[in-house]
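Biologist: I would like to learn how to read strands and buried residues in a protein model. Could you walk me through it?

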Amino acid sequence: MFQIGKTIVSEEILENDFVCNLSACKGACCVDGEAGAPVEDEEISILEEIYPKVKPFLRKEGIASIEKNGTYVKGEDGEWETPLVNGSECAYVTFADNGTALCGIEQAYNAGEVSWKKPVSCYLYPVRIKQYQEFAAVNYHKWHICDDACSLGKELQVPVYKFVKNALIEKFGEDWYKELEVVAKDLGH
């Protein structure tokens, strides 16, 4: 672990390779699991604001869950997250004809309907941020459903931190990312 500003960063984001392989996993990270995607405090109002513009991109099951539970919910861990459909997939998930899970928020973004791509936790994956009072922990989350992404990342030689570069910059800024690149180089990555 090393420190950059008010973050403690796991070396695993430098040491592990990762490139999403949607053709292999079909977006399982949006469907599997027991909780919705983490939502930061500042994202709550964004979800509420954009919902009317995102709604036309969603499935009826997702709309029903959001209208019953809200655009975000409090998870079992006490943190905010996206609501689920039937305790499984994210309420904002849609499916392509080939069965691949897609983000309805991101589809609205790509269509120019909203200016927000999706929750930063989704954009950052497989990096997870845990906010503490004095600092944020930046960790690599290994999940078996992403084994194909790890294999593709290794084949293409793309470390996690480079795969999520834009998301890390969105979360922590350009200067933070430049410092991360210096640390990576100094550590031989």
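Modeller: Let us go through one sheet and then two residues. Please keep in mind that this is a predicted model.

Biologist: Gladly! How do I read a sheet, and in what order do the four strands of the open sheet lie?

Modeller: Strands of a sheet pair through backbone hydrogen bonds, and the pairing is either parallel or antiparallel. In this open sheet the order is β1-β2-β10-β9, and the pairing is mixed. The edges are formed by β1 (2-4) and β9 (127-131), each of which pairs on one side only. On average, neighbouring strands here are turned by 25° against each other, with direction ignored.

Biologist: In which sense do β2 and β10 pair?

Modeller: Strand β2, residues 7-9, pairs with β10, residues 136-140, in the parallel sense, over three bridges. You can find one position by looking at Ile 8, which stands opposite Ala 137 in β10.

Biologist: And how many bridges join β9 to β10?

Modeller: There are five bridges between β9 and β10, and these two strands run antiparallel. For an example, take Arg 128: its bridge partner in β10 is Asn 139. The two strands form a hairpin, with four residues between them.

Biologist: Now a single residue. Is Ala 136 buried or exposed?

Modeller: Here we need a cut-off: a residue is called buried when its relative accessible area is under 20%. Ala 136 has 3% relative accessibility, so it counts as buried. This residue belongs to strand β10.

Biologist: Which residues is Ala 136 in contact with, leaving aside its neighbours within four places in sequence?

Modeller: With those neighbours left aside, Ala 136 is in contact with Lys 6, Thr 7 and Ile 8, and also with Ile 129, Lys 130 and Gln 131. For a sense of distance, try Ile 105: its C-alpha atom is separated by 26 Å from that of Ala 136, and the two residues are 31 apart along the chain.

Biologist: Where is Thr 100 found?

Modeller: Look in the loop between β7 (93-95) and β8 (101-103), and you will find Thr 100 there. Its relative accessibility is 7%, so Thr 100 counts as buried.

Biologist: What does the side chain of Thr 100 make a polar contact with?

Modeller: The partner is the side chain of Asn 98, at 2.9 Å. Beyond its neighbours within four places in sequence, Thr 100 is in contact with several residues, among them Leu 22, Lys 26 and Phe 95.

Terms used: Residues numbered from 1 in each chain as written. Predicted model: local features only at pLDDT ≥ 70, side-chain atom pairs only at ≥ 80, totals over all residues. Heavy atoms only, no water. Pairing = 2+ DSSP bridges. Axes fitted to C-alpha atoms, helices over the stretch in contact; angles between N-to-C directions. Buried < 20%, exposed > 50% of the residue type's maximum accessible area, 1.4 Å probe, protein only. Contact = heavy atoms within 4.5 Å. Polar contact = N/O pair within 3.5 Å; in protein donor to acceptor, adjacent residues only side chain to side chain.
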